[in-house]
Amino acid sequence: MYAWHTTNSIMVKPNITFNDMKKSRIIGVGHYVPDRIITNEYLSTIMDTNNDWIVERTGIHERRWFTPGKDTVTSMSATASRIAIERAGLSPMDIDFIVFATITPDYFLPGNGVLLQRELGMKTIGALDIRNACSGFIYALSVADQFIKTGMYKNILVVGAEIQSSALDKSDEGRSSAVIFADGAGAAVVSVVEPDQPGILSTHLHAEGQYAEELYCMAPSSSTEVRISKEMIDRGDFLLKMNGNAVFKHAVVRFSEVIQEALEANGKEKSEIDLLVPHQANLRISNYIQQKLGLPDEKVFNNIMYLGNTTAGTIPIALSEAWEQGRLKEGDLVCLAAFGSGFAWASALLNW
Ligand code: UT7
């Protein structure tokens with residue numbers, strides 16, 4: 001334990017020493033995806049697209065879109081969270097903090113974390129929303145990791161959940177984005193463990209705001225006279241806008257960099273990775289990174305083929321599916337990496 005001391009009458013906590021430092025570990029994962037399957041064939045009946053183009057350019061065959069009146073970001077995340085908490089051997093009352101990653105919350109305010117806290121009937125714990133889009137889950141995991149390492153909390157619920165389909169331009173003009181984005185939720189329980197246990201080794205976070213408008217959604221906005229007006233709706237300001245080519249070019253560079261950064265920080269080689277779980281942006285991006293790292297198919301987890309790109313949901317959903325399929329064994333070296341709107345990108349390296 002560290003000792004408190006005073007300097008100029010101010011109480012200060014000295015830096016926590018390595019021996020005091022706790023470690024955090026993902027001890028339960030869960031996910032939920034809506035039951036409405038949207039096939040490429042269906043999309044080709046509502047916009048000028050076709051199955052061959054979508055499969056060749058994105059790797060996606062089908063994705064899930066929410067059912068209005070049934071699914072909300074809160075309801076989907078609550079289902080995913082209940083599963084994660086149960087698999088962790090805990091109850092919602094054991095959770096002492098929520099970190100909720102979403103850019104598609106149910107309300108403009110308050111955040112989705114508090115809605116989840118209410119939905120799960122939890123104690124009056126803190127709930128924090130994270131708005132880092134595709135990198136949101138790794139940002140959220142990093143926040144949880146810091147709170148646990150410093151001894152502030154023991155069991156943190158980390159969520160990534162989105163409903164993107166209601167912000168998609170489903171006309172021919174929006175077809176390049178409309179075919180990739182999808183809806184779903186994933187959750188992880190991150191808990192304190194002793195330093196010699198498997199757990200999170202590092203997280204690395206980056207952003208480059210000069211590219212904010214390459215992938216963004218303008219409305220509702222607090223900087224217009226009213227947050228949403230008929231003119232804004234008519235202009236489609238509430239729809240997701242993406243310069244796909246620019247995002248793709250930056251993604252392949254930043255993904256590789258941030259994975260390398262994680263490996264170097266921990267003195268690991270790429271060949272030591274047991275499972276790479278990349279943000280599911282486009283199968284071509286995942287395949288490019290896989291090739292660059294020289295990893296065999298069984299060391300990369302992809303589910304974009306049947307779930308599409310669920311933004312902050314992709315990584316926790318993938319972790320939950322990988323766990324269900326027995327592809328995560330105790331101690332495995334797992335690398336998470338993401339790139340997206342912001343631009344923001346991130347990686348996490350952990351022992352499962
Ligand atoms: O997760 C958050 C971060 N997001 C990403 O990482 C997404 C990164 N970007 C991408 O995945 C790809 O850029 C897209 C899948 C969005 C688009 O693929 P692309 O290979 O970059 O296509 P493009 O936009 O360069 O378009 C190529 C052609 C164009 O036709 P012309 O001008 O060559 O005649 C498009 O009009 O393909 C056309 N096109 C389509 N055709 C059929 C674009 N979208 C479609 C479509 N169906 N859905």
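## Ligand shell and core

By class, the residues around the ligand split into nine nonpolar, eight polar and four charged; here Ala, Val, Leu, Ile, Met, Phe, Trp, Tyr, Cys and Pro count as nonpolar, Asp, Glu, Lys and Arg as charged, and the others, Gly among them, as polar. Keep in mind that this is a predicted model, where local features need pLDDT of at least 70 and side-chain atom pairs count only at pLDDT 80 or more, while totals for chains, interfaces and linings use all residues. Residues are numbered from 1 along each chain as its sequence is written, and side-chain values use heavy atoms, with hydrogens and water left out.

The shell holds 21 residues, and Thr49, Arg57, His279, Asn282 and Asn309 come nearest. A residue is near a molecule if one of its heavy atoms lies within 4 Å of it. Some side chains put an N or O atom in polar contact (a pair of N or O atoms within 3.5 Å) with an oxygen atom of the ligand:

| Side chain | Ligand atom | Distance |
|---|---|---|
| Trp53 | oxygen | 3.1 Å |
| His279 | oxygen | 2.8 Å |
| Asn309 | oxygen | 2.6 Å |

On its own the ligand has 950 Å² of accessible area, and the protein covers 74% of that (Shrake-Rupley method, 1.4 Å probe).

So who lines the site? Helix 2 (51-58), helix 6 (175-178), helix 8 (244-265) and helix 9 (283-293) each chip in at least two shell residues, and helix 8 gives the most, with four. Helices here are DSSP runs of H or I with at least four residues, strands are E runs of at least two, and both are numbered from the N terminus. Domain 1 (18-193) and domain 2 (200-351) each supply at least three residues of the shell; the bounds come from an automatic or database domain assignment.

Helix 8 turns up again in the core. The largest nonpolar core (buried Ala, Val, Leu, Ile, Met, Phe, Trp, Tyr and Cys residues joined through side-chain atoms within 4.5 Å) has 39 residues, with Ile259 and Leu276 making the most contacts inside it. Buried means under 20% relative accessible area (1.4 Å probe, protein chains only). Two or more core residues come from each of helix 8, helix 9, strand 14 (333-340) and strand 15 (344-351), and helix 8 has the largest share, eight residues. This core also takes at least three residues from each of domain 1 and domain 2.

Then there's helix 11 (residues 314-324), mostly covered, with nine of its 11 residues buried. Among them are Ile315, Ile317 and Leu319, as well as Ser320 and Glu321. After helix 11 comes Gly326, with a positive phi near 70°.

How values were computed. A polar contact is a pair of N or O atoms within 3.5 Å; within protein, one must be able to donate a hydrogen and the other to accept it, and residues adjacent in sequence count only if both atoms are side-chain atoms. Buried means under 20% relative accessible area, exposed over 50%, partly exposed in between (1.4 Å probe, protein chains only).
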